[in-house]
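Colleague: Before I take your labels on trust, I'd like to hear the reasoning behind them. Can we go through the model together?

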Amino acid sequence: MTFDHNKIAELKQYYDAAEATLKEGECAQNAISTPAINELRYAGQHLLRYLTGSTEPSLEPDDDDGDDEWENAAKHCKRAMFDAAEAPVQFYMKQIRVFQEDYRKEVVTDVVAGYVKMMVRVDAINQEVSAIAKGSRQKFAEKVRNHVQELADINSQLRVAREELNKKITLRKKQERLVYLGLFLTVVGIIAKFL
Amino acid sequence: MAHNIVTALLSKCVSKDNDSLPKPDRSRENARAVVQSLSRGNLSLQFGWYVTEEDVEEMRKENKAHNFTAHAH
């Protein structure tokens, strides 16, 4: 059985890119993406079918699209890259949502420079990723992968800002307590005057 | 009437058989425990640190519905 060494080398590049993205995502979220692992499993299956010239029907239901085994292996590697990148992208957006919920009563723009601009960017990424149809994920793998670092940077700035925002909240609560104490003493004073 | 009695008796027999078999635990916690026990060489999997398609889908839905700019102040 002969096979094209150039094609194998090309497939190795896709596989390595998917594996690198998977590793980056694993470090970013402290968790590994099982959808990406599954895609690499299918890629492995198609690679072996390509190498052995197997003509058995594929076990993967989405593969009945006329592509040959090499093309299917490449497709699964690219899907793996997408899945490996999408998981941390969604995770970081979730972290940003949590940040907004935690500080919904605070003026974050006083502490984080360019906060609104950052959120406009997050919205743009959110819409772009949401619009990607399930069937065309492999085409957008590289694009989604590029968003991971950007969202990681935004998330990291917000994490640092938490300390400053927490200080502001503590100071505001102290001031509120003093105001309530003052009001209480005033009322007590007025009542005492009339007694 | 006879048909209803037979159906009721049969359903009781079936439910008795099902009661004797342990029901599979399909909770996420158990799924994580199973993956942990089967994985070798991957620390994340062994520690149960992995994200499923369900987890990503949940985040996808919640993030899609959120307006980040509107909540920026």
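Modeller: Sure, here is how the labels come about, bearing in mind that this is a predicted model.

Colleague: Why is Arg97(A) said to form a salt bridge with Glu62(B)?

Modeller: The closest N and O atoms of Arg97(A) and Glu62(B) are 3.0 Å apart. The cut-off is 4 Å between a side-chain nitrogen of Lys or Arg and a carboxyl oxygen of Asp or Glu, so the pair qualifies. Across the interface of chain A and chain B, the rule finds two salt bridges, along with 15 residue pairs in polar contact, both residues at pLDDT 80 or more.

Colleague: Which element gives the most to the side of chain A that touches chain B?

Modeller: That's H3(A), with nine residues. By class, that side of chain A has 16 nonpolar, nine polar and eight charged residues.

Colleague: And how big is the interface, in contacts and in buried area?

Modeller: On chain A, 33 residues are in contact with 21 residues of chain B. The two chains bury about 2300 Å² between them, and 54% of that is on carbon and sulfur atoms.

Colleague: What makes S1(A) and S1(B) a strand pair?

Modeller: Pairing takes at least two bridges, and two bridges join S1(A) to S1(B), residues 50–51, so they pair. The strands run parallel, and Ile32(A) stands opposite Tyr50(B).

Colleague: Now inside chain A. Why is Arg49(A) called buried or exposed, whichever it is?

Modeller: Buried means under 20% relative accessible area. Arg49(A) has 9%, so it counts as buried. Its salt-bridge partner is Glu69(A), at 2.9 Å from N to O. Arg49(A) lies in helix H2 and Glu69(A) in helix H3, so the pair ties together parts that are 20 residues apart in sequence. Glu69(A), with 17%, is buried as well by that cut-off.

Colleague: What about Arg172(A) and Glu106(A): how do you know what each counts as?

Modeller: Partly exposed runs between 20% and 50%. Arg172(A) is at 30% relative accessibility, so it is partly exposed, whereas Glu106(A), at 7%, is buried. Their side chains meet in a salt bridge of 2.3 Å, N to O. Arg172(A) is in helix H5 and Glu106(A) in the loop between H3 and H4, so the pair ties together parts that are 66 residues apart in sequence.

Colleague: And which residues do shared salt-bridge partners join into one network?

Modeller: Glu86(A), Glu53(B), Glu57(B) and Arg60(B).

Key. Residues numbered from 1 in each chain as written. Chains lettered and ligands numbered in written order. Predicted model: local features only at pLDDT ≥ 70, side-chain atom pairs only at ≥ 80, totals over all residues. Heavy atoms only, no water. Contact = heavy atoms within 4.5 Å. Buried area = accessible area lost by both parts, 1.4 Å probe. Polar contact = N/O pair within 3.5 Å; in protein donor to acceptor, adjacent residues only side chain to side chain. Helix = DSSP H or I, 4+ residues; strand = E, 2+ residues; numbered from the N terminus. Nonpolar A, V, L, I, M, F, W, Y, C, P; charged D, E, K, R; others polar. Buried < 20%, exposed > 50% of the residue type's maximum accessible area, 1.4 Å probe, protein only.
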